[in-house]
Every structure is written in structure tokens, then in C-alpha cells.
Amino acid sequence: MAAVRRDLAGLPWWWWVGPDSPDDTAVALRRHGGRELAVLPVLVRSLGHPADTLGPTGQDGALTGLRVETVRDGERLAELVRTYRTSMGIAPGLEPEMVRIESQREDNADIVRLAAVLDGRVVGSTVVINAHRVAGIFLVHVAEAHRRRGIGAALTVAALRAGQERGMRSAALVASPAGEPLYRRFGFTTLSEYRLFAFPN
């Protein structure tokens with residue numbers, strides 16, 4: 001804990017406790033001042049047959065003029081990072097370093113970055129990481145001014161298709177309270193859960 005506090009001083013950070021954590025992790029975190037913020041479900045669904053990819057709601061382009069694009073590098077990557085950075089509470093000054101890290105990841109061949117683009121601007125993002133025949137869906141975020149307009153559904157459809165096109169067997173994600181109802185409409189079910197802890201500065 002002392003090493004984490006030293007190494008992450010000045011940065012927002014949390015500690016996730018899940019089925020892959022040692023049994024006494026939550027107890028130890030509380031002993032060191034940790035406060036449980038939320039219990040977040042780990043949701044999964046089969047990618048099955050192509051016709052089964054879309055859930056009962058949501059189609060690409062749910063909003064007129066909306067496109068979901070694959071992002072590889074350049075200015076679009078910077079826009080994508082800027083979009084999801086705000087959802088994580090990360091300071092703007094760290095953005096260039098985040099872009100550099102994203103562009104140089106060793107596992108980039110297994111990553112699909114998707115941007116929801118409206119009127120030429122990135123208004124939503126998600127990242128799909130393919131490993132062990134599972135499409136892990138991360139960083140689903142829609143800019144606050146554009147929420148409740150079908151953009152999250154369009155991103156979810158695109159993420160499921162990206163995993164399926166790459167031969168993944170299933171998709172998995174950790175759902176926030178705001179996103180959970182959407183994912184359940186797409187047929188995701190609970191596999192496990194993570195508990196999120198925060199610490200005083």
C-alpha cells in the first residue's frame with residue numbers, strides 16, 4: 001500500500017477486488033483506509049451466429065449522421081483518448097502521454113478502438129481487446145451532451161461485431177450502474193463481480 005500511494009501520488013486511482021484477488025484483499029484494503037465505492041458486475045454474452053450479434057435494440061446509425069469508425073492513430077486517436085479520459089477523471093495534461101502509450105502498446109494487434117463520430121467530432125468511444133477467444137469491451141463512454149440518443153447502443157453493436165469478425169467466442173465487460181441496463185438488453189448476463197475501493201489522499 002505504501003508503494004502504491006508513493007508511485008501514484010497526484011493521480012486518481014482505485015483498487016479492484018474480484019474473483020482473481022486473494023481472499024483477504026478487501027479486509028486488508030479496509031484496514032489501510034480503503035472505502036468501498038461500488039460493486040460492479042462482470043457481464044458476458046456469447047457471440048454465436050452472426051444473426052445473433054445484435055440485441056433486441058440498437059442499430060448502427062441510431063442517430064442520423066452517426067458513424068462508428070475504427071481508430072488506428074493520428075488525430076482521431078488523440079480525440080478518442082480525450083473522450084475516454086474525461087470519463088476516468090484524468091487531468092488534461094496527461095493526455096499526450098496517454099496517446100503515446102496507446103500508440104505504442106505491444107498488444108495493439110489485438111485491440112480495436114472504436115469512435116462514435118457525429119458532425120465530424122468524436123462523441124463516444126469504446127475499446128475491444130481480443131484475447132483467449134474473448135472480446136473484452138472497455139472504456140465505453142459517450143460525451144455528456146450526447147447521451148440518451150442511441151450512441152451507446154451503436155458502440156455496443158460495433159464492439160460485438162468487431163469481436164465476432166475476429167473469431168472471438170464471447171464478449172465480456174465490467175458494467176457501470178449507468179451502462180448495465182443497456183448491456184442487459186443486448187443479452188449480457190452476470191458472470192461475477194468486482195468491488196471498487198477508493199482511498200483518502
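In this predicted model, the residues around the largest pocket split by class into 34 nonpolar, ten polar and six charged. That makes a lining of 50 residues, and L139, V140, V174, S176 and Y183 are the ones that sit nearest the pocket's centre. The space inside comes to about 1,800 Å³. Strand β6, which covers residues 134-142, is the top contributor here, with eight residues in the lining.

The second largest pocket has a volume of about 170 Å³. Around this pocket stand T70, V71, R72, D73, S103, N108, I111, V112, R113 and R166. Two elements, β3 (67-71) and β4 (111-118), each supply two or more of these residues, and β4 has the largest share with three. Sorted by class, this second lining holds three nonpolar, three polar and four charged residues.

One of the residues lining the second largest pocket, R166, also turns up in a salt bridge. Its partner is E165, and the closest N and O atoms of the pair are 3.8 Å apart. R166 has a relative accessibility of 41%, so it counts as partly exposed. E165, on the other hand, is exposed, with a relative accessible area of 64%.

That pair belongs to a wider set, since the structure holds 13 salt bridges. Another links E180 and R184, whose side chains meet at 2.8 Å, N to O. Both residues lie in helix α6 (residues 180-185), and because they are four residues apart, about one helical turn separates them. E180 is partly exposed at 22% relative accessibility, and R184 is partly exposed at 34%. Elsewhere, R67, E69, R76 and E79 are joined into one network by salt bridges that share partners. Within this group, E69 pairs with R76, with 3.3 Å between the closest N and O atoms. E69 is partly exposed at 21% relative accessibility, and R76 is partly exposed as well, with a relative accessible area of 22%.

The surface also has a nonpolar side. W14, W16, L37 and V174 come together there as a nonpolar patch, and their accessible area adds up to about 370 Å². V174 has already appeared among the residues nearest the centre of the largest pocket. W14 belongs to the loop that runs between α1 (2-7) and β1 (15-17). With a relative accessibility of 39%, W14 counts as partly exposed.

Technical notes:
Residues numbered from 1 in each chain as written. Predicted model: local features only at pLDDT ≥ 70, side-chain atom pairs only at ≥ 80, totals over all residues. Heavy atoms only, no water. Patch = residues over 30% accessible without salt bridge, like charges linked within 9 Å, V, L, I, M, F, W, Y side chains within 5 Å. Areas by Shrake-Rupley, 256 points an atom, 1.4 Å probe, with all protein chains shown as cover. Salt bridge = Lys/Arg side-chain N within 4 Å of Asp/Glu carboxyl O. Buried < 20%, exposed > 50% of the residue type's maximum accessible area, 1.4 Å probe, protein only. 1 Å grid on protein atoms, 1.4 Å probe; cavity = no way out; pocket = protein on both sides within 12 Å on 5 of 7 lines; lining within 4 Å. Points joined across faces, edges and corners; volume = space filled by probe spheres on them. Nonpolar A, V, L, I, M, F, W, Y, C, P; charged D, E, K, R; others polar.
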